[in-house]
Amino acid sequence: MLISDNLKEVRTQVQRRQLANGIFAMIGLLTILVALIILLGLTLQLLIQGAPRLSWDFFTSFPSRKPEQAGILSAWVGTSLVMLVTALAAVPLGIAAGIYLEEYARKNWVADIIEINVTNLAGVPSIVYGLLALGLFVYQFKLGESIQTAGLTLALLILPIVIVTTREALRAVPNSLREAAYALGATKWQTIWDHVLPCGLGSIMTGVIVALSRAIGETAPVITIGALTFIAFLPDSPLNQEFPYLPLTGSFPWINFEQLFGWLGAAFTVMPIQMFNWVSRPNPEFQLNAAAAGTVLIAMTLVMNGMAIYLRFLFRRGVKW
Amino acid sequence: MKLKRNTGFLGGLFALVATTVVTTGIEVNSQSTPTVKIDGSSTVYPVTEAVAEEFQNAKAGAIQVTVGVSGTGGGFKKFCSGEESVQTDISNASRPIKPEEEEACKAAGIEFIELPIAYDALTVVVNPANPVNSMTVGELKTMWEKAAEGTITKWNQINPSWPDAPLTLYGPGADSGTFDYFVEEILGKDNDIRSDFTPSEDDNVLVQGVSRDPNALGYFGFAYYEENQDQLKAIAIDPGDGTPVLPSGETVNNGTYTPLSRPIYIYINKASLAKPEVKEFVDFYLQNAPTLVQEVAYIPLPTEDYEKAIERLQNAETGRVPLREGL
Amino acid sequence: MTREKKLEKSAQLSPKLVRDVREKIIELVLFLAAFSAVATTVAIMYILIKESWLFFNEVSVIDFLTDRKWTPLFVEKHYGIISLVSGTLVTSGVALLVAIPMGTIAAMYLSEFAPSRLRELIKPCLELLAAIPTVVYGYFALLFVTPMLQKILPDLPGFNMLSAGLVMGLMIIPFISSISEDAMRSVPVGLREGSYAMGATSLQTAWRVVFPSAISGISAAYILGASRAVGETMIVAIAAGLQPRLTWNPLEEAATITAYIVQVSMGDLPHHSIEYQTIFAAGLTLVLMTLVLNIMGHFLAKRYREIY
Amino acid sequence: MVDMEVNQIQPKAEVQNLNFYYGSFHALKNINLFVPANKVTALIGPSGCGKTTLLRCFNRMHDLYPGNRYEGSILIDSINTLGRGVDPIEVRMRVSMVFQRPNPFPKSIYENVAYGLRLRGVNNRLLLDEKVEDALVASALWDEVKNRLFESALNLSGGQQQRLCIARALVTDPEMILFDEPTSALDPIATTSIEELVLELKKRVTILIVTHSMHQAARLSDYTAFMYLGEMMEFDQTKTIFTTPANKKTEEYISGRIG
């Protein structure tokens, strides 16, 4: 019996299945739309509520007990500096670990343990990192409640993400490239450094930015460290006002490290903490400030994600296999 | 070409990090600008923040002040740690220092000066739709004590004239100084409180809870009531003599709003007072406290108390010694 | 030896030696970097165990696991972690009931239905859901979702696990959809063509071939979502109420482990008191819970990688 | 247009003036072809000549990817399968396909074979059992797997997996089966068994096979079409093509001078 003998039946059956298919596609699109509409609604609500506060002064003023004068200068500077420390610590460490796991590690129990640890760390609740930081960085290493403590804490938090993206990026590099380099007599490290790593750099950077944008909004671990909330000053500048800017001294080691890196030990506040602080104020006027700070925070993550998307786009266009 | 640039970039990154890692070992805590470090209670925070703001404005940035919110206990932990990286100059406290905390300070060789700076009146609030306007301390006790847990679930079980409606309770978390004070004053020392109420460290959450539930009752600092008067109704408290009193600056200061008004404190590390910036800040604090306390909706102490506090500061009188009875 | 000979010899020997040593050093440095992950785990466990030690000296593990009440801050003290665990599980359960179906459907749609341009547009937008500060979500749950739910369920208390869980679910969607989608997209194109060649629709291919083929990757995504939910802090701290009680009813309020930890770390307790130390015992419990989830997820993900 | 001296062909399918584009790339140029019923027809030609592309037009696999475009028609039993309003799914239900690499689903052997029926909504266990057994017998796999029908298909050897895929293609009684270099990923022994199977199958269905190996085409097919650079150079009975090709390019390819 051939199908063409009862083509009509086949066609109605196909139609029925296509209908189910169409309905599912609608549901899928709808699900995503619901999520996105809520996202949009939340953002818009914050924006509308906070809009009256969003002026240049808001970015250049220190916090104040008077809501209309309060600004986020110390918060956004703090966030930027903390993110700088986070990136400087997490990126090289994470990339190096990713390279090791993907390119060097042999299939043995050591690699297995490291791997389990990485996946496990990715799932450890952020507040636990806060407890770790309190016990380790603040009281054991005596780093104080400083930019470096917060930066390192968030670095540990995003380390697994950086490792995992690095591994994925390296895995996507075709083996033929490695073989080509080996065939020319390159050592393993030369192969990785000159060819594999540059090739995966786009995806790695994308992953790093996404990870940082996640760290930027973290509240819980910074609360447990006990981030300071009223900071009406900026850390001392590492650079001098006039030429040659670098803080040089007359004797060895010729650079005033204390000034150059003093900001690492400075007290700080960050955006989510500032927002949380305003949200819990008795004066309802502060809720507007909180909304404005929330808008800025979302905008910051938006910009970072936008950068990541753009990088991904550049990378995809530039390299085609 | 492209690969080259990327490698250069990566190399630069590594170099930067290497220097960072090497140099973080170097002592970096010394700040060239003098800094006053303060931490502690969230109840005292608004007052100290206001002072710090004004002080920094007056000094035009020559002195930096940081104010943290780690809670009274967290504040004392840092204050008494003897660990230079976390030690604070001043600790905000919504309750007097506890003996074990005093021990810790002594062990670290830290002497402190205790200065009361204002009153905080705990305010019992209900939803504006609630007909109840006043209650006695006894009624509050019946409502909150351990024995009420699971049994006192309706308003009219406490007072038959109150509505026949379920009772929902909100209050600060059991680890806060406000909670301790409330329990001590209403239930008495070592008397346990019922545990089936909604606690929150975030007083705005409590405001939300009470303002949206006509059957709710809660308590928190006066400032939160003052700023949200349109959504909340304060309950007049009858200390037992038949005259219910509403909280206000006047009733707290003349001693009629009892027992729910308490003093709040700052503790100053005596050694820190040797630093001119700390000395200057504390002087500024006591001079401006009366106006600034009022501005943030707390209740200032009587003028003679501030004078006594200034005197104590000048004499560098240390230890937990009440300024007068009740402080 | 003449100078030329020396030069020749060094040209032959030392670069090899130098190169080998350099390669070894680099490998060692990289290994140390990778080992930092282990070090971090050890540090977390060390801190938590060290700090909970004081606690478990006072409270027996059996009480900790079997007592049905958690009132360490009251005069009559009980240390039954189960009350906090129940709150954690219920909020996470509600969140997963939202996030798993929605995340899976979204992933299926993106991977099998959406035109590639739409996918490239939607994916990063969805990921933004995870980027919103959780404080914002907390107030969204408390001030918007709860009042809305109260219109349908008039008896719902102002703080409840339902609305916290729902909003948390929304936050977790991108974790689940993005990892599931990656897993689905890594299903070889040959399998997909095999299914289409049999006359399957996209839905049938997605549901009968792609989904089962990617199942271990997808379940790894579910588990990661679950450990996110278990560890989420600010949403539950703001919207679920902070009253520890042993209940499995999402319409009630309850405290979670994480909410308890932030509550205490912002409070006025003297440090090093047993009350304060409870947060480390609670943290330890939390880590162990996520550890179990994560190890499960690891093995599932590993299996899925080995299939192809 | 290639001159064709093919007598008495009972066409199952007929390709008429088919042009195919991958985006702007013109991959198939004005193809005309008869596929005789119940015979094996082989498509040969050097890599990139478009033989797989042509094969995939028969069950409209190109519809899965955006940017692909057909012109012309492919008639199967005089219905234009490229026509407007014809659902590709309907076409694929009539025309099964076996791929270059065995691609069993990560399911049990039984479920792999039953897949096509399940898609059509058949859930009757007895009917499924019967059809699955038939298909496995027809693909000469029954004896090897009858005791482990519910084990994962991924545990089978490459040759067994390919025969499983053939069983999967057979179970729905298709009118045509397309083979896309079905033995190129297999060892010689497995290749022989697949070839034997193909010869057996032509009693039931019409077969169109793409092969890279001229020997395979010679062994298996009744008719052979030679393609070059997207064009149909010659179509005739296999023995004619291999002995007396009419086209010069065909002769060059057969004798190994191009390819």
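A salt bridge here is a side-chain nitrogen of Lys or Arg within 4 Å of a carboxyl oxygen of Asp or Glu. A:Arg106 and C:Glu27 form one, with their closest N and O atoms 3.5 Å apart. This is a predicted model, in which local features need pLDDT of at least 70, side-chain atom pairs count only at pLDDT 80 or more, and totals for chains, interfaces and linings use all residues. Residues are numbered from 1 along each chain as its sequence is written, chains are lettered from A and ligands numbered from 1 in the order in which they are written, and side-chain values use heavy atoms, with hydrogens and water left out.

Start with the interface that holds this bridge. Five pairs of chains touch, and chains A and C share the most contacts among them. Contact means heavy atoms within 4.5 Å. Chain A brings 75 residues to this contact and chain C brings 78 residues. Together they bury about 6900 Å², with carbon and sulfur atoms giving 74%. Buried area is the accessible area (1.4 Å probe) that two parts lose on being put together, summed over both. On the chain A side, A:Phe24, A:Ile32 and A:Leu131 lose the most area to chain C, together 9% of what that side buries.

Now the polar terms. The rule finds one salt bridge across the interface of chain A and chain C. It also finds nine residue pairs in polar contact there, both residues at pLDDT 80 or more. A polar contact is a pair of N or O atoms within 3.5 Å; within protein, one must be able to donate a hydrogen and the other to accept it, and residues adjacent in sequence count only if both atoms are side-chain atoms. Helix α1 (residues 7-50) of chain A gives the most to the side that touches chain C, with 18 residues. Helices are DSSP runs (H or I, at least four residues), as strands are (E, at least two), numbered from the N terminus. The residues of that side of chain A divide into 48 nonpolar, 17 polar and ten charged. Ala, Val, Leu, Ile, Met, Phe, Trp, Tyr, Cys and Pro count as nonpolar, Asp, Glu, Lys and Arg as charged, and the others, Gly among them, as polar.

Turn to chains C and D. Here 20 residues from chain C meet 25 residues from chain D. The pair buries about 1800 Å², 64% of it on carbon and sulfur atoms. C:Glu193, C:Met198 and C:Arg208 lose the most area on the chain C side, together 39% of what that side buries. One salt bridge is counted between chain C and chain D. C:Glu193 and D:Arg56 meet in a salt bridge, 2.6 Å from N to O. Seven residue pairs are in polar contact across this interface. Two elements of chain C, α7 (189-197) and α8 (202-213), give two or more residues to the side that touches chain D. Of the elements, α7(C) gives the most, with eight residues. That side of chain C divides into ten nonpolar, eight polar and two charged residues. Chains B and D have no contact, and their closest C-alpha atoms lie 30 Å apart.

Finally, look inside chain A. An automatic or database assignment supplies the domain bounds. They are domain 1 (2-52) and domain 2 (55-231 + 267-318). The C-alpha centres of these domains lie 35 Å apart. Five residues of domain 1 are in contact with seven residues of domain 2. The two domains bury about 570 Å² between them, 75% of it on carbon and sulfur atoms. The rule finds zero salt bridges across that interface.
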